[in-house]
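Biologist: Please take me through one part of this model at close range, beginning with a single loop residue and working outward from there to the aromatic side chains and whatever else helps to place them.

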Amino acid sequence: MCVHSAGERGMKQTVGILLAGGQSRRFGFPKAFAEFQGHPFYHYSLEALRPYCEEIVIVARPEFLEKLPEELHLTTDLEMYAGMGPLAGILSGMEAVEAERYVVLPCDMPFIEERVIGKLLDRHREDVSAVTVDGKLHPLVSIWKNSVKPTIRQALDEGNRRVMHVQAQHNGLWIEGDLLTDKPEIVFKNVNTPCELERR
């Protein structure tokens with residue numbers, strides 16, 4: 001299994017971080033492995049990131065690692081921040097591979113489109129860029145500069161797990177979803193229950 005430690009590789013330009021560590025209580029079992037059209041949810045985020053990232057890190061819970069393909073770059077939360085939510089996952093992915101910027105996606109967006117990531121990268125100009133759709137913020141569909149890392153660490157050290165707390169401390173840009181796709185309400189949908197797949 002390809003589980004890497006922090007800092008073992010040189011600096012890359014763009015690295016993807018796929019967050020697959022949630023417990024998915026509302027869904028009933030880990031959403032990363034729920035299936036849509038014959039593929040697990042995480043597959044769709046992985047494929048959307050692939051064309052634009054030199055490497056992709058999947059941050060997962062330890063018990064999930066054996067369920068993921070061995071050839072992928074897998075890691076878990078840094079021990080000191082284990083279980084502290086998506087913000088800990090983002091920092092853990094950053095520490096796993098050094099890069100100038102990181103494209104973050106959650107594992108529960110099976111309708112995400114590859115071209116959306118390209119358009120998001122084209123519009124990224126600030127320390128952090130993220131997506132908003134009709135007033136609903138999607139802070140985990142985002143791009144982070146390496147320079148934000150110390151702020152994330154400080155927030156976690158202070159017990160603050162809020163992703164948007166960190167984003168608010170940097171030059172940030174909220175990008176309207178309809179600038180990235182003509183069906184943002186579907187593409188950026190977080191699927192929280194099995195029946196939401198049927199209602200799309």
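**A loop residue and its surroundings**

Modeller: Gln 37 counts as exposed because its relative accessibility is 60%, where the cut-off for that word is over 50%; please bear in mind throughout that the model is predicted. Gln 37 sits in the loop that joins strand E2 (35-36) to strand E3 (39-40), and its phi is near 50 degrees, a positive value in a residue that is not glycine. Most residues other than glycine have a negative phi. Asp 134 also has a phi near 50 degrees, again positive and again in a residue other than glycine; Asp 134 belongs to the loop between strand E7 (128-133) and strand E8 (136-145), and with a relative accessible area of 76% it is exposed.

From Gln 37 we can turn to strand E2 itself, where Phe 36 is found, and to the aromatic rings, for which a search of the whole structure gives four pairs. In one of them, the ring centres of Phe 33 and Phe 64 are 5.5 Å apart with the planes at 90 degrees, so the pair is edge-to-face. That pair links distant parts of the chain, 31 residues apart, with Phe 33 in the loop between strand E1 (12-20) and E2, and Phe 64 in the loop between strand E4 (55-60) and strand E5 (73-75). Phe 64 is buried, with a relative accessible area of 5%.

Another pair is made by Phe 36 and Phe 111, whose ring centres are 5.1 Å apart and whose planes stand at 90 degrees, so this pair is edge-to-face. Here too distant parts of the chain are linked, since Phe 36 in strand E2 and Phe 111 in the loop between E6 and H3 are 75 residues apart, and both of these phenylalanines are buried. Phe 33 and Phe 64, for their part, join Tyr 42 in one aromatic cluster.

The loop that holds Phe 111 leads on to H3, and in this helix (residues 114-123) the buried residues are Val 116, Ile 117, Gly 118, Leu 120 and Leu 121. Their cover includes helix H1 (41-49), strand E6 (99-106), E7, E8, strand E9 (172-176) and helix H6 (184-187). Beside E9, in the loop between helix H5 (163-167) and that strand, lies His 170, which counts as buried at 19% relative accessibility; apart from its neighbours within four places in sequence, His 170 is in contact with Asp 127, Ser 147, Val 148 and Thr 151.

Technical notes. Residues are numbered from 1 along each chain as its sequence is written. This is a predicted model: local features need pLDDT of at least 70, side-chain atom pairs count only at pLDDT 80 or more; totals for chains, interfaces and linings use all residues. Side-chain values use heavy atoms; hydrogens and water are left out. Helices (H or I, at least four residues) and strands (E, at least two) are DSSP runs, numbered from the N terminus. Buried means under 20% relative accessible area, exposed over 50%, partly exposed in between (1.4 Å probe, protein chains only). Contact means heavy atoms within 4.5 Å. Rings of Phe, Tyr and Trp (its six-membered ring) pair if their centres lie within 6.5 Å; planes under 30 degrees apart count as stacked, over 60 as edge-to-face and the rest as tilted.
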